Amino acid sequence: MSRLRLFTILVASITLISACASGVSDTDEKAPAAPVLRVGLSEESGALDPHAFTGNFLLLDAIYEPLVTYTKGGKLEPGLAESWTVAKDGRQVTFDLRDGVRFTDGTPLDAAAVKWNFDRWVGNKKFTFFRASQIISAVDTPDADTVRLTLSEPYEPLLQEMSIVRPVRLLSPKSAAAGGAFATPIGTGPWKLVSNSATGAALARNDGYWGTKPQLERLEFKVIPDSQARVDALANGEIDLIGGSYLAPITPLEARSLSERGDVTLLTGASDVSIMLGFNPEGPAGDRAVREAVRQAIDTTSLVGALFQSYGEPARRVFPPGVPDSGTDLPLYFDQAGARATLAAAGYTLDGDSRVKDGKRLSLKLLLPAKPAAGQLDPRTMAEAIAAALKEVGIAVEISPVDAAAYYDERAEGTYDLTFFEGLGAPYDPSSSIVSLFTSGARAPLWATPATEKAVDKALFARDSTARAAAYQELYDAVAADAGFVPLAYRPRIWAVRAAVKGFTMPPTDVDLELTGVTVE
């Protein structure tokens with residue numbers, strides 16, 4: 001298939017969004033400076049328990065804080081731990097807690113409170129994807145200002161994993177009911193919860209905050225499930241901020257329309273997530289020739305050009321280049337003549353427009369969620385483009401959309417041949433994601449073999465940066481040698497604010513809600 005033809009198919013499959021109405025209302029022009037920022041939310045924020053898998057990442061980040069903070073470029077800086085010391089043998093990490101910090105209920109942040117938090121997730125089997133939970137063998141409190149972690153073996157990613165949102169953020173021991181179950185969201189962060197419902201949430205400034213206090217007095221989150229309706233609400237002045245992968249995502253087409261408005265500031269940043277096509281090795285895709293032909297058949301340059309406009313680029317790695325230890329670029333594999341030759345050499349002969357081997361037609365089931373995540377591209381659009389490309393080389397594709405709950409169950413059960421995968425994004429990557437993507441103990445990994453599992457362990461337990469980088473590269477090389485996945489696109493990071501919002505900058509990650517210097521005119 002020519003690039004022009006593929007591009008035409010893709011464009012025809014996209015439902016064009018209408019451009020936002022231009023101009024600013026008289027009300028917007030005359031509005032006085034407000035101490036409130038109104039934020040769009042794609043879905044309700046959920047129970048704000050940092051030790052569970054519920055709760056919007058950004059609200060959790062606003063309320064709760066970590067011992068270690070992940071900043072721009074992956075640099076780690078002090079959070080609730082003023083400093084830390086790693087033992088020479090790498091088996092102990094000692095944190096010196098920041099003095100004078102209290103939870104918003106008045107409880108002091110001391111070593112006992114930190115240990116209470118760690119005891120809720122260390123060793124818990126539901127956090128097996130999070131290797132730190134299995135590596136920590138003891139949590140000790142030598143004094144009220146000191147927490148010492150003993151590790152079963154040296155684990156270099158520990159400090160970065162101390163910066164993630166869940167389960168390591170710290171909540172007050174009084175947040176739990178008598179039986180230990182989570183009851184009330186109480187943290188040390190710059191914001192505290194006022195209300196939380198299916199229609200939205202409100203946070204008030206924590207005036208007792210130990211760090212730099214926000215200039216805003218209040219954050220009001222409004223749930224608007226429809227992506228275009230959120231864009232309209234921003235354009236009409238009903239809300240002030242949208243964007244990010246976990247707050248109120250903006251599609252590339254919506255971003256293009258917003259970029260043409262004088263009363264909206266659009267911010268874009270380097271991607272921290274790759275979209276990938278993965279295989280189930282238990283079916284027809286267990287044949288390496290089939291996997292090789294699939295990655296040769298897809299023109300990712302045309303795919304990204306049509307779907308992501310100027311806001312994306314073809315993926316050539318498991319993790320985008322900005323992610324630490326992401327390795328080197330893979331080739332752009334597109335070669336449809338090569339795909340036909342690969343299949344023919346493996347015994348798949350053409351019968352009409354389909355390939356057949358041993359009397360069986362080559363057909364792959366592409367599993368995907370029927371409804372896209374709020375504000376994200378509809379995976380059916382990408383699926384249709386992939387199916388069209390594979391048809392050109394004689395591979396039939398059955399697109400199988402299922403509801404979200406069934407999708408993850410079916411993926412775990414292996415009732416698919418092809419499906420889409422993504423990393424978790426910073427600060428989870430790369431250490432947390434390689435466990436979930438490349439080890440057999442994970443729920444529906446991208447590609448797991450003895451070689452990938454060996455490389456994962458080498459990468460996670462490397463003692464120096466050179467050995468770690470080499471181990472990560474060994475992992476990526478092993479997966480590529482197996483044709484174990486197809487890198488498709490780097491997902492763009494896009495945020496938008498009304499021009500009246502001052503001081504907002506692209507956050508270090510899409511799980512951060514950094515609003516300290518933000519004001520609204």
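**Sheets, a covered helix and enclosed cavities in a predicted model**

Gln-92 stands opposite Thr-150 in strand E7, a pairing taken, like everything that follows, from a predicted model. The two residues belong to a contact between strands in which E5 (residues 92–97) and E7 (residues 146–151) run antiparallel and are joined by 5 bridges. These strands are part of an open sheet of 4 strands, arranged in the order E4-E5-E7-E6 with antiparallel pairing. The edges of this sheet are formed by strand E4 (81–86) and strand E6 (136–143), each of which pairs on one side only, and the twist from one strand to the next averages 20°. Helix H4 (residues 111–119) packs on the sheet and touches E5, E6 and E7, while the direction of H4 makes about 165° with that of E6.

A second group of strands is centred, for the purpose of description, on E10. With strand E1 (residues 36–41), E10 pairs in the parallel sense over 6 bridges, and within this pairing Arg-38 stands opposite Glu-220 in E10. With strand E9 (residues 200–205), by contrast, E10 runs antiparallel and is joined by 5 bridges, and here Leu-203 stands opposite Leu-219 in E10. In a regular strand the side chains alternate between the two faces of the sheet. In strand E10 (residues 218–223), the covered face consists of Leu-219, Phe-221 and Val-223, whereas Arg-218, Glu-220 and Lys-222 make up the uncovered face. Glu-220, the residue opposite Arg-38, thus belongs to the uncovered face of E10, and Leu-219, the residue opposite Leu-203, belongs to the covered one.

A further open sheet has 3 strands in the order E14-E15-E16, again with antiparallel pairing. Strand E14 (349–351) and strand E16 (360–361) are the edge strands of this sheet, each pairing on one side only. Strand E15 (residues 354–357) runs antiparallel to E16 and is joined to E16 by 2 bridges, with Lys-360 in E16 as the bridge partner of Lys-357.

Among the helices, H14 (residues 431–438) is mostly covered, since 7 of its 8 residues are buried. The buried residues of H14 are Ser-431, Ser-432, Ser-433, Ile-434, Val-435, Leu-437 and Phe-438. The elements that cover them include both helices and strands, namely helix H6 (158–161), strand E12 (264–279), strand E19 (418–422), helix H15 (450–460) and helix H16 (465–481).

Two individual positions illustrate contrasting surroundings. Ser-172 lies in the loop between H6 and strand E8 (191–197), and Ser-172 counts as buried because its relative accessibility is 0%, where burial requires a value under 20%. When its neighbours within four places in sequence are left aside, Ser-172 is in contact with Phe-103, Asp-105, Thr-107, Trp-116 and Ile-186; of these partners, Trp-116 falls within the residue range of helix H4. Gly-305, for its part, is placed in helix H10 (residues 300–307), and Gly-305 counts as partly exposed because its relative accessibility is 31%, a value between the limits of 20% and 50%. Although Gly-305 and Ala-442 are 137 residues apart along the chain, the separation of their C-alpha atoms can be stated directly, at 33 Å.

The search for enclosed space completes the description. Rolling a probe the size of a water molecule over the atoms shows where empty space is left. In this model the count comes to 2 cavities of 30 Å³ or more. The largest cavity holds about 60 Å³ of space and is lined by Arg-295, Ile-298, Thr-300, Ala-315, Arg-316, Pro-331, Leu-332, Tyr-333, Phe-334, Val-486 and Pro-487. By class, this lining divides into 8 nonpolar, 1 polar and 2 charged residues.

The second largest cavity holds about 40 Å³ of space, and its lining is formed by Arg-316, Arg-317, Val-318, Thr-328, Leu-330, Gln-473, Tyr-476, Asp-477 and Phe-485. Here the classes are represented by 4 nonpolar, 2 polar and 3 charged residues. Helix H16 supplies the largest share of the lining of the second largest cavity, with 3 residues, and H16 is also among the elements that cover the buried residues of H14. Arg-316 appears in the lining of the largest cavity and likewise in that of the second largest cavity.

Conventions
Residues numbered from 1 in each chain as written. Predicted model: local features only at pLDDT ≥ 70, side-chain atom pairs only at ≥ 80, totals over all residues. Heavy atoms only, no water. Buried < 20%, exposed > 50% of the residue type's maximum accessible area, 1.4 Å probe, protein only. Contact = heavy atoms within 4.5 Å. 1 Å grid on protein atoms, 1.4 Å probe; cavity = no way out; pocket = protein on both sides within 12 Å on 5 of 7 lines; lining within 4 Å. Points joined across faces, edges and corners; volume = space filled by probe spheres on them. Nonpolar A, V, L, I, M, F, W, Y, C, P; charged D, E, K, R; others polar. Pairing = 2+ DSSP bridges. Axes fitted to C-alpha atoms, helices over the stretch in contact; angles between N-to-C directions.
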